[in-house]
Amino acid sequence: PSGIVETTFVDTGDDTETFTVANLGFGFGITEDFELGAHLVNLLVDPDTDLADPSVYVMYRFIDGDFELGVFGEVSVPFERDSTVTGGMPIALHLGDSVRIDTGPFVQHDFELENDPDFIAPFQLPINVSRQVAIGPEAATILREFERDDFLLGFFAGYTFTSGGGTLGDI
């Protein structure tokens, strides 16, 4: 998930560790189905403070309606470390006019760690509290190297910029 704040619970076998990340990014709709975006700030704030490399992404939706299906690709810009690439198939299921379930299978590979890719299964529940503002919970299961699992839990908020009656972009 790419919400504003995420807290990750990592099972260490004998105790549970947590860490919190603050994110800030944006996306621009180039066409009705094609989006370009970036995650500019990815700040680990607990237990230590660390700023991760920014990333850019592309998303294309090829099924639209109450059920949406697309393809997604993201790559980090290697300032501090080697790149990380993520690919997947975002799925959206509309539950009326103001609630949606976002999920889908994703795979991520971190070239810095030189290990097997990770499988990510995110879950977001965007709730439109107005035409331009959405808030909601988010969670994800990550299978590190398709073996060890981590669970992410957080909350996000988003704002949609409009122009001339259409969507200009999201933050």
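This is a conversation between a visitor and a guide about a predicted model of a protein.

Visitor: What should I know before we start?
Guide: Residues are numbered from 1 along each chain as its sequence is written, and side-chain values use heavy atoms, leaving out hydrogens and water. Because the model is predicted, local features need pLDDT of at least 70 and side-chain atom pairs count only at pLDDT 80 or more, while totals for chains, interfaces and linings use all residues.

Visitor: How many helices and strands does the protein have?
Guide: There are zero helices and 15 strands. Both are DSSP runs, numbered from the N terminus: helices are H or I with at least four residues, and strands are E with at least two.

Visitor: Why is T86 called buried?
Guide: Happy to show you! Buried means under 20% relative accessible area, exposed means over 50%, and partly exposed lies in between (1.4 Å probe, protein chains only). T86 has 12% relative accessibility, so T86 counts as buried. You will find T86 in strand β7, residues 84-88. Buried residues make up 30% of the 171 residues in the protein.

Visitor: What does T86 touch, leaving aside its neighbours within four places in sequence?
Guide: Contact means heavy atoms within 4.5 Å. On that basis T86 is in contact with F72, G73, E74, F106, V107 and Q108. V107 is 21 residues away from T86 in sequence, yet their C-alpha atoms are 5.7 Å apart.

Visitor: What makes the pair T86 and Q108 a polar contact?
Guide: A polar contact is a pair of N or O atoms within 3.5 Å; within protein, one must be able to donate a hydrogen and the other to accept it, and residues adjacent in sequence count only if both atoms are side-chain atoms. The side chains of T86 and Q108 are joined at 3.0 Å, which fits the distance limit of 3.5 Å.

Visitor: How do you know that D110 and R81 form a salt bridge?
Guide: The rule asks for a side-chain nitrogen of Lys or Arg within 4 Å of a carboxyl oxygen of Asp or Glu. For D110 and R81 the closest N and O atoms are 3.0 Å apart, and they form a salt bridge. The pair links distant parts of the chain, with D110 in strand β10 and R81 in the loop between β6 and β7. D110 is buried, because its relative accessible area is 14%, whereas R81 is partly exposed, because its value is 32%.

Visitor: Which salt bridges involve R144?
Guide: Among them are one with D118 at 3.5 Å, N to O, and one with D150 at 2.7 Å. D150 is buried, since its relative accessible area is 4%. The structure holds eight salt bridges.

Visitor: What makes up the largest nonpolar core?
Guide: Seven residues do: Y57, F72, F106, I120, A140, I142 and L152. A nonpolar core is a set of buried Ala, Val, Leu, Ile, Met, Phe, Trp, Tyr and Cys residues joined through side-chain atoms within 4.5 Å. In soluble globular proteins, nonpolar side chains tend to be buried together. One of the core residues, I142, touches D118, F119, I120, R148, D149, D150 and L152, not counting residues up to four places away in sequence.

Visitor: Why is F67 called partly exposed?
Guide: F67 has a relative accessible area of 39%, so F67 is partly exposed. F67 lies in strand β6.
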